[in-house]
Amino acid sequence: MADTKLKRKPAPGHVLQLVLYSDLVTQIQDLAPEYAHVVLGNRERFSFRLAEYAAYARGARERLEKFVIDPPTTRPIPCSTCDLCRWREHCSGIWREEDSLFEVAGITKVQVAKLEAEGISTLQALSEFGGPVRHMATETLGKLNAQSRLQQDRKSGSPSYELRTRQPGKGFDLLPRPIAVICFMTLRETHTTKRMGPMAWNTCTGSGTERNSLHFGPMIGWRKDRR
Ligand code: SF4
């Protein structure tokens, strides 16, 4: 049994699909195929022994059937395929409506789970939370807390900003020494890229001896005005 795919590498889903096909063919011809083949977009052939994958594939299929017959309560959790998913608008709407922690730019699933275990389940709650959180580094919590504060402020007004403590060897410290006629500027999003949220601009100007002089205000809101 062979199936053609445009992909150049075999994927787990291909194997699951071919195990299903083999079960259906077995019902018709009363004889189970021994091997299946995925013919890839580059014409290479990936062959595998169906018996090595059948138990797992059938188990996964049973779990899916049980889920469809008696669906439990579910919630959308962002993953790497959200951008390709036809439900993405629907799920984004839920996250927005719930003021979900998943709305915090840069947050991970694991971090959301740790925060929820502490009873923090919304962006607003995180923005007001002082900590600590079990199994989360103080620095990580500080970053998430600051990010959620900026986004929370943005909901009710113009973008706000917070000055970050200077860290030797990081951030602006990596820039060449500024001179009077040069303006260094970094662009930092305060929301997820795909939703194109507000931007915060950080600028650093000054002469060599004024390296720590940071001026943020004038650029805030620039992007908003350009829309
Ligand atoms: S967009 Fe699709 S993949 Fe992402 S959480 Fe929703 S249903 Fe799951």
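## Ligand shell, strands and helices of a predicted model

The ligand is surrounded by Pro76, Ile77, Pro78, Cys79, Thr81, Cys82, Cys85, Trp87, Arg88 and Cys91; a residue counts as near a molecule or strand if its C-beta atom, placed from the backbone, lies within 6 Å of it. This shell consists of eight nonpolar residues, one polar and one charged. Here Ala, Val, Leu, Ile, Met, Phe, Trp, Tyr, Cys and Pro count as nonpolar, Asp, Glu, Lys and Arg as charged, and the others, Gly among them, as polar.

The model is predicted: local features need pLDDT of at least 70, side-chain atom pairs count only at pLDDT 80 or more, and totals for chains, interfaces and linings use all residues. Residue numbers start from 1 along each chain as its sequence is written.

The protein chain has seven helices and five strands. Helices (H or I, at least four residues) and strands (E, at least two) are DSSP runs, numbered from the N terminus. In order from the N terminus, the elements are β-α-β-β-α-α-α-α-α-β-β-α. Of the 227 residues in the protein chain, 14% are buried. A buried residue has 20 or more other C-beta atoms within 10 Å of its own, an exposed one 12 or fewer, and a partly exposed one a number in between, with C-beta atoms placed from the backbone.

**Strands.** Strand S1 (residues 2-4) and S2 run parallel and are joined by three bridges; two strands pair if DSSP finds at least two bridges between them. Opposite Asp3 stands Val38 in S2. Between S1 and S2 the chain passes through helix H1 (residues 12-29), and this β-α-β crossover is right-handed. Right-handed means that, with the strands pointing away from the viewer, the path from the first strand over the helix to the second runs clockwise.

In a regular strand the side chains alternate between the two faces of the sheet. Strand S2 (residues 35-39) shows this alternation: Ala36 and Val38 point to one face and are buried, while Tyr35, His37 and Val39 point to the other and are not. S2 also pairs with strand S3 (residues 45-49), in the antiparallel sense and over five bridges. In S3, Phe46 is the bridge partner of Val38. S2 and S3 form a hairpin with five residues between them.

**Helices.** Helix H6 (residues 138-156) has 19 residues and reaches 27 Å from its first C-alpha to its last, close to the 27 Å expected at 1.5 Å a residue. The expected span is 1.5 Å times one less than the number of residues. Buried residues in H6 are Leu141, Leu144, Gln147, Ser148, Leu150, Gln151 and Gln152. They pack against helix H4 (109-117) and helix H5 (123-127).

Helix H2 (residues 51-69) lies largely in the open, because the number of buried residues among its 19 is zero.

**Loop residues.** Most residues other than glycine have a negative phi, and most peptide bonds are trans. The table lists two residues with a positive phi.

| Residue | Phi | Loop | Other C-beta atoms within 10 Å |
|---|---|---|---|
| Arg43 | near 75 degrees | between S2 and S3 | 8, exposed |
| His135 | near 65 degrees | between H5 and H6 | 10, exposed |

Arg164 is in the loop between H6 and strand S4 (184-189). Arg164 counts as partly exposed because it has 13 C-beta neighbours inside 10 Å. Its C-alpha atom is separated by 10.0 Å from that of Lys143, 21 residues apart along the chain.

How values were computed:
Contact = placed C-beta atoms within 7 Å.
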